[in-house]
Amino acid sequence: MSARHSTPQIVGWREWVGLPDLGVPWVKAKIDTGAQTSSLHAFGLREFTRAGSRWVRFEVHPWQRSPRDGVKVELPVHDRRQVRSSTGHLQERVVVLAELRMLERTFPVEMTLTRRDTMGFRLLVGREALRNGFVVDPAASFLGGKPPRHVRRANREVAL
C-alpha cells in the first residue's frame with residue numbers, strides 16, 4: 001500500500017473513473033486483480049518519433065459501443081511489455097503513463113494500450129494501480145459514483 005494513504009479505500013469490481021490528463025472525465029473500468037498493469041482500449045494506435053523520443057498517437061472512446069466524446073491523445077512511450085491477454089495470447093504492448101482519478105484520488109499509473117473491441121470495459125485497472133491504497137469489494141459496484149444521468153443517457157442514445 002502506498003505510504004500516502006495509510007487507510008485503504010474500498011472500490012467495487014467496476015467503477016466509473018477519469019483520465020484527467022487525457023481529457024476523459026468518465027470511463028467505465030473493471031477493477032481487475034488478475035491483471036498486474038492497467039490496460040486502456042486505444043483506437044488507431046500509431047507510434048512515431050518526436051525530438052528523438054518514441055511517442056504514440058491514439059484515440060480513446062470512453063463510451064462502450066459509441067464513438068461519441070472520442071479524444072485524440074499523444075503521449076511518450078514509457079515502455080514496451082509482453083502481456084498475456086485474457087485469452088492466453090502473448091502480445092507486445094506499448095505502455096504509457098497517465099493520471100487516473102478513482103474515488104476522488106488522482107495518481108499516475110502505467111497503462112498498456114490495446115484494442116478491447118470485444119471486451120465489456122474500455123479500461124482495466126490492475127494491481128499496480130490498486131497499490132495506491134485500494135481494496136476491492138467484489139460484491140460492490142460504482143462506489144465512487146457515476147457520471148450525471150444526462151451524460152449517461154446522451155451516450156446511451158448514440159450507441160452503435
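F142 is buried in this predicted model, with a relative accessible area of 14%. That puts F142 under the 20% cut-off for burial. The residue sits in the loop between β12 (134-137) and α2 (149-157), and its backbone is a bit of an oddity: phi is positive, at about 55 degrees, although F142 is not a glycine. Most residues other than glycine have a negative phi.

A second non-glycine residue with a positive phi is E104, where the angle is about 70 degrees. E104 also belongs to a loop, this one linking β9 (90-102) and β10 (105-114). Its surroundings are another matter, though: E104 is exposed, with a relative accessible area of 80%. So F142 is buried, whereas E104 is exposed.

Back in the loop between β12 and α2, L143 is worth a look too. L143 comes out as partly exposed, at 45% relative accessibility. Together with I10 and V135, L143 makes up a nonpolar patch on the surface, and the accessible area of the three adds up to about 250 Å². In soluble globular proteins, nonpolar side chains tend to be buried together. The patch of I10, V135 and L143 is instead on the surface.

Some care is needed with the elements on either side of that loop. β12 has the highest mean pLDDT among the elements of the chain, at 97, while α2 has the lowest, at 68. Where pLDDT is low, the predicted coordinates should not be read in detail. For the chain as a whole, the average pLDDT is 87, and 87% of the residues score at least 70.

As for the overall layout, the chain carries two helices and 12 strands. Going along the sequence, the order of elements is β-β-β-β-β-β-β-β-β-β-β-α-β-α. The chain has 160 residues, and 43% of them count as buried.

The largest nonpolar core takes in 32 residues, and those touching the most other members are L19, L40, F58, L100, M102, L123 and V125. At least two core residues come from each of β2 (14-19), β3 (24-31), β6 (53-60), β7 (71-76), β9, β10, β11 (123-125) and α1 (127-130). β9 gives the largest share of this core, with five residues.

What does the side chain of R122 make a polar contact with? The partner is the side chain of H41, at 2.6 Å. H41 is part of strand β4 (residues 38-41), while R122 is in the loop between β10 and β11. Both ends of the contact are buried: H41 has a relative accessibility of 1%, and R122 has a relative accessible area of 6%. The side chain of R122 also has a polar atom 3.4 Å from the backbone oxygen of H61. R122 therefore counts as buried at 6%, and its side chain has H41 and the backbone oxygen of H61 as polar neighbours.

How values were computed: Residues numbered from 1 in each chain as written. Heavy atoms only, no water. Helix = DSSP H or I, 4+ residues; strand = E, 2+ residues; numbered from the N terminus. Buried < 20%, exposed > 50% of the residue type's maximum accessible area, 1.4 Å probe, protein only. Patch = residues over 30% accessible without salt bridge, like charges linked within 9 Å, V, L, I, M, F, W, Y side chains within 5 Å. Areas by Shrake-Rupley, 256 points an atom, 1.4 Å probe, with all protein chains shown as cover. Salt bridge = Lys/Arg side-chain N within 4 Å of Asp/Glu carboxyl O. pLDDT = per-residue confidence, 0-100. Core = buried A, V, L, I, M, F, W, Y, C linked by side-chain atoms within 4.5 Å. Polar contact = N/O pair within 3.5 Å; in protein donor to acceptor, adjacent residues only side chain to side chain.
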